[in-house]
Amino acid sequence: MATSLGIGGRTRTADEVLEDPMLSKALLRLGASAACHPWRVIAAWLVAATLAVLAAVAFGGRTADSMTAPGLDSQQAAQLIERAGTGQEGMTAQVVVTPLDGAATFFDHGGARTALARLQTEVRRLPHVLGTNDPAGALDAPGDTTVRGGLVSADGRIAVVRVQYPDQSRLSAEDLDALVGLGDRLRAELPLRIEMGGNLFYAFSDPDGGASELIGLLAAAAILFLAFGSLVAAALPIGMAVFGLTVGVATMTVLAGVTDVPTFAPVLGSMVGLGVGIDYALFVLARHREYLARGLDPHEAAGRAVATAGRPVVFAGGTVVVSILGLAVANVPFMTVGGLAVSIVVLIMVLASVTLLPAFLGAAGPRLGRAGRIGRALRAGRLFRRQGAAPDAVPAAGWRRWIGHVSRHPVPYAVGAAGLLLTATLPVLGLRVGLPDDGSLPHSRTERRAYDLVAEGFGPGTNGPLVIAADPTGDPGVLDRLVGAVAADPGIASVAPTHIDRATGIATLVVFPTTSPQDKATTDTIARLRTDVLPTAIGHGPARAHVGGAAASLSDVGRRTSERLPVFVAAVLAMSFLLLMLVFRSILVPLKAVLLNLLSIGAAYGIMVAVFQWGWGGSLIGLEATVPIVSFIPMFLFAILFGLSMDYEVFLLSRVREEYLRTGDNGTAIVEGVSRTARIITSAALIMVAVFLSFAVADDPSTKMFGLGLATAIFIDATVVRMVLVPATMTLLGRTNWWLPKWLDRMLPRGPVGTDDTDAEFTDEAPRPRLVDR
């Protein structure tokens with residue numbers, strides 16, 4: 001008995017219903033056309049990739065970090081410093097040196113002192129260097145006041161050459177290369193151990209993502225081969241993702257030539273681009289193989305695959321893009337630009353999924369419908385357990401038994417899984433945002449070694465000086481009060497001599513906290529200076545003072561993102577709810593999806609706190625010290641993860657709804673829909689987890705956080721949420737899953753976003769699908 005839908009006096013199959021909306025029709029034509037003319041489409045993508053790379057070479061720029069935002073106190077300090085023209089508004093670097101003879105000091109080693117003077121001279125000659133301090137000259141100064149002021153350590157073993165550069169807009173990665181090259185040359189010529197650090201490295205160091213991308217691709221290829229048992233089937237998603245990533249990263253490079261693209265954007269773009277690109281290709285490829293197994297022509301199978309699986313891909317990709325672009329609500333420019341750059345990569349992957357991939361499918365022909373020799377051998381060894389002649393169309397018996405088991409015991413599984421995720425979320429209560437400094441880098445990095453030397457010789461706060469900018473207009477005695485009040489604060493170790501600009505009268509004070517830049521006590525010191533120390537010293541006069549410097553800027557950005565996070569979360573939740581309501585014509589299904597996604601993301605946050613702040617298992621990913629969570633990562637992760645979780649939600653619920661429209665039975669729809677998508681979702685999740693975890697072993701702590709946070713959330717979402725909580729909660733809700741008030745149904749738009757009138761209709765009194773048995 002075939003079941004069909006009653007539509008205006010005639011009936012249509014479920015596939016026809018799915019193709020009825022405008023978007024499905026457009027995707028059907030697009031996919032079929034690409035499959036019929038594969039080499040034209042592949043050639044067009046080759047041309048696009050070539051042009052993108054050439055444009056990146058000709059017009060692209062280097063990534064650079066600018067951790068500022070309008071309206072912050074640190075930004076006001078930077079503006080005063082810039083008005084004064086002291087040069088302190090620019091970039092800095094530091095060259096930290098110590099005699100190679102561990103027992104020698106600069107006081108008693110004439111060769112080391114001469115070498116230090118030569119190093120200073122060589123550094124001053126570098127392009128764009130405005131000047132350096134003079135530790136070699138300080139050695140000859142009477143007394144030890146200058147020595148203790150931060151040029152040479154009290155024991156004479158460590159000296160710091162602070163290098164002043166102009167504003168970041170006038171610099172490039174070549175300046176960093178020149179400084180590093182000089183250090184490499186002088187290490188071979190001078191009797192000194194030379195290490196380097198400073199915000200010049202932070203702004204222009206290349207992100208460490210290349211090896212991670214290769215590892216992620218290899219892992220994805222292995223999982224795809226195990227999933228499909230065919231080298232050709234495994235190669236197509238990888239090839240599509242590489243094409244898309246090439247175009248996306250090249251476009252990002254061109255964007256960097258126009259505005260400041262943060263250094264984490266290429267790494268994050270590669271991470272997310274590879275993950276979603278391979279996932280989207282996997283969804284379409286699985287449907288294509290189903291249609292091939294039914295006996296369809298490869299061209300028609302590709303068109304139908306893009307029309308059905310491609311529709312959730314477009315919706316899911318759109319959700320990812322909109323979620324990430326929502327970062328603009330934070331009003332932090334570098335986050336907005338970084339989100340835009342990542343969104344471009346995701347958009348290109350969506351476009352590749354509905355054009356380039358069907359071209360690959362058309363070129364591959366019917367070979368994709370069968371496993372290769374190795375795949376058949378693996379299946380013969382029972383590694384794969386599928387039924388029938390259409391392995392991708394028929395759910396594995398194991399998945400069907402598991403989903404059926406969960407559906408028969410929904411209450412204990414729903415309560416147990418929710419309790420597990422809530423427990424994993426608890427560490428979020430101890431979340432502390434900040435920015436890991438160079439002390440969290442591995443010892444193999446010169447920045448970490450320089451950081452340790454400075455902390456050893458001058459105290460931990462020397463690695464994160466604060467710059468207080470004061471305009472004493474109308475109150476000439478305010479500077480003395482400021483210096484005294486700041487120096488007396490218990491969180492301040494020392495205050496460098498005040499610099500006063502003669503033309504503007506603006507004064508700058510460089511102060512050194514007693515604690516390291518990433519220490520919570522440093523954030524407390526900055527807050528105390530602003531709310532208590534400076535206002536008390538200034539009084540009610542016209543003078544004003546602001547606290548700036550890298551540590552203060554990052555603290556301000558962290559506070560702003562924390563303040564804006566609730567608004568951003570609410571906006572993303574509302575947008576996702578509305579989108580899913582339009583797609584599935586239901587209220588409870590999108591509400592459930594939003595709540596379950598919150599649970600998985602909260603659990604990922606909790607695990608990040610446990611690993612990075614508490615140190616649980618940190619050594620497994622090469623974390624050498626506990627660090628705070630980078631201030632902007634929680635908001636970025638929420639945007640990306642909520643969008644990515646929609647991938648699985650839309651893909652799974654589309655299949656459940658398709659089964660419900662076909663059978664009219666909620667229980668059957670849940671078991672069939674979830675079990676039919678379980679293997680694909682599991683394979684897709686394994687690919688994403690493998691790609692993201694490959695980045696979790698990078699040197700940079702921020703990259704580790706992105707990698708581990710994304711991998712954890714995707715793993716939880718695809719296992720605990722999709723395979724336990726979704727079937728359990730949908731079983732408990734029963735037929736009300738698809739309930740939609742008639743008045744709301746009339747208000748919601750249809751067509752490319754909403755479903756067709758042919759979809760199941762519900763009323764307030766009697767929720768039931770319009771099904772007719774033939």
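Visitor: How do β3 and strand β6 pair, and over how many bridges?
Guide: In this predicted model, strand β6 (residues 192-197) pairs with β3 in the antiparallel sense, over six bridges. One residue pair can be named: Val 97 has Ile 194 of β6 as its bridge partner.

Visitor: And what about β3 and strand β5, in what sense do they pair?
Guide: The pairing of β3 with strand β5 (residues 159-164) is antiparallel and runs over six bridges. Here Val 161 in β5 is the bridge partner of Val 95.

Visitor: How many residues of strand β3 are buried?
Guide: Strand β3 covers residues 92-99, and seven of its eight residues are buried, so the strand is largely enclosed by the rest of the structure.

Visitor: Changing topic: which residue that is not a glycine has a positive phi?
Guide: That is His 128, with a phi of about 70°. Most residues other than glycine have a negative phi.

Visitor: Where is the place of His 128?
Guide: His 128 lies in the loop between α5 (110-124) and β4 (131-132). Its relative accessible area is 42%, so His 128 counts as partly exposed, a class that runs between 20% and 50%.

Visitor: Now the helices. At what angle do helix α19 and helix α27 pack?
Guide: Helix α19 (residues 410-425) and helix α27 (residues 701-733) pack at about 140°, and their axes are 9 Å apart. That angle makes α19 oblique to α27.

Visitor: Why oblique and not roughly antiparallel?
Guide: Because roughly antiparallel applies to angles over 145 degrees, and the angle here is about 140°.

Visitor: Is the crossing of α19 and α27 left-handed or right-handed?
Guide: α19 passes α27 in a left-handed crossing.

Visitor: Which residues in α19 meet α27?
Guide: Among them are Tyr 413, Ala 417 and Leu 421 in α19, while the residues met in α27 include Val 720, Leu 725 and Thr 731. By class, the contact has 14 nonpolar residues, one polar and no charged.

Visitor: What about helix α13 and helix α14, at what angle do they cross?
Guide: The axes of helix α13 (residues 298-308) and helix α14 (residues 310-325) cross at roughly 40° and come within 3 Å. On the α13 side, the contact is made by Ala 305, Val 306, Ala 307 and Thr 308. On the α14 side, Gly 310, Arg 311 and Pro 312 take part.

Visitor: And how do those residues divide by class?
Guide: The contact of α13 with α14 has four nonpolar residues, two polar and one charged.

How values were computed:
Residues are numbered from 1 along each chain as its sequence is written. This is a predicted model: local features need pLDDT of at least 70, side-chain atom pairs count only at pLDDT 80 or more; totals for chains, interfaces and linings use all residues. Side-chain values use heavy atoms; hydrogens and water are left out. Axes are lines fitted to C-alpha atoms, for helices over the stretch in contact, and angles run from 0 to 180 degrees between N-to-C directions. Helices (H or I, at least four residues) and strands (E, at least two) are DSSP runs, numbered from the N terminus. Angles under 35 degrees count as roughly parallel, over 145 as roughly antiparallel, 65 to 115 as roughly perpendicular and the rest as oblique. A crossing is left-handed if the near helix is turned anticlockwise from the far one by less than a right angle, and right-handed if clockwise. Contact means heavy atoms within 4.5 Å. Ala, Val, Leu, Ile, Met, Phe, Trp, Tyr, Cys and Pro count as nonpolar, Asp, Glu, Lys and Arg as charged, and the others, Gly among them, as polar. Buried means under 20% relative accessible area, exposed over 50%, partly exposed in between (1.4 Å probe, protein chains only). Two strands pair if DSSP finds at least two bridges between them.
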